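Q: I am new to this structure and would love a close look at one part of it. Could you pick a single strand and walk me through its surroundings?

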Amino acid sequence: MRKLVILFLLFSTFISKAQDFEIDLWEGKIPGSIENNEYQEEQKFDGDQLTGVSKVKEPKLYAYLAKGDSLKSAVIIFPGGGYSHLAIDKEGFKLAEWLASEGISAFVLKYRLPSDEIMEDKSVGPLMDAQRAVRVLRTNAEKWNLDSNKIGIMGFSAGGHLAATLSTHFDEKVYSAEIEKSARPDFSILVYPVVSLTNEITHRGSRERLLGKTASEELVQHFSNETRVSEDTPPTFLIHAMDDHAVPVENSLNYLKALKEHKVPAEIHIFENGGHGFGMGRQLTNNTWPTSLLNWLKLHHYKN
């Protein structure tokens, strides 16, 4: 018990240094949730730094607000982790701190991972949290000094699948929303994303955790987001590596093709190396994508 208390204090200290505030995503009982007292969140630390989270039961938003009086663009970040855990530091907190330093407010979403133990329909559990997050930001835009017409999303790996799903299923009614704001993101940033759930190019673990091992072809196609792109899909910035053996680059290429066919503005950066999970970059060329992203955001007037 003493060790748990110390870890909690260390985690609280880390959070208080980095973020402005945190809020529960939902008020009261989450729609479609199953009460399960034995299902408890698990956290992984590196020293005093929270690096990973699994078995999320109570989703939260961690806010990193950009300084200045003018209305700010905002980005909601979905960390990756194969729908089994969240790499919440490397693909969450670090990105949020960087974006805030560049004048863009950022919100890390600790979203629920698909689980039959706490969800009536695990295939839409993460999407529910993603839709809710966008609506929460738009509802609180004035309070948090945000431009409600410049709310974007960023997803990594399986978090990229969630971001692509929100980009193509934002108007799908997966819960009864008391907030009447639109859940459509204004722009989308996908970093080595799982886009497709088809056998040829999917990340098998992500697919099985989201849909189960015996998913119907209809359900697979429904959540293969390259098949769901429309003219209303938001402008998209894509990053991938050629040597990604976990999530093939075809996920991004096929999504780009669909965006082009529907005349959705898009830009892609494919790097020779980097593998999977390189975050903000770790080798010669793939660590240049953050600068390219800032230029793209300026092009679309999401950054001053």
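A: Here is a tour of strand β4, its partners and the sheet around it. Please keep in mind that this is a predicted model.

Let's start with the setting. The sheet is open and made of 8 strands, in the order β1-β4-β6-β5-β7-β8-β9-β10, with mixed pairing. Its edge strands are β1 (21-24) and β10 (266-271), each of which pairs on one side only. On average, neighbouring strands here are turned by 20° against each other, direction ignored.

Now to the strand itself. β4 covers residues 60-64 and pairs with β1 in the antiparallel sense, over 4 bridges. Across this pairing, Phe21 has Ala63 of β4 as its bridge partner, while Glu22 stands opposite Tyr62. Toward β6 (residues 105-110), β4 again runs antiparallel, and 5 bridges join the two. One of the facing pairs there is Lys60 and Lys110 of β6.

How many residues of β4 are buried? The count is 5 of its 5, so the strand is mostly covered, with buried meaning under 20% relative accessible area. In a regular strand, side chains alternate between the two faces of the sheet. In β4, Lys60, Tyr62 and Tyr64 lie on one side and Leu61 and Ala63 on the other, and both faces are covered.

Finally, a glance at a helix elsewhere: α3 (residues 125-139) is largely enclosed by the rest of the structure, because 14 of its 15 residues are buried.

Terms used:
Residues numbered from 1 in each chain as written. Predicted model: local features only at pLDDT ≥ 70, side-chain atom pairs only at ≥ 80, totals over all residues. Heavy atoms only, no water. Expected span 1.5 Å × (residues − 1). Buried < 20%, exposed > 50% of the residue type's maximum accessible area, 1.4 Å probe, protein only. Pairing = 2+ DSSP bridges. Axes fitted to C-alpha atoms, helices over the stretch in contact; angles between N-to-C directions.
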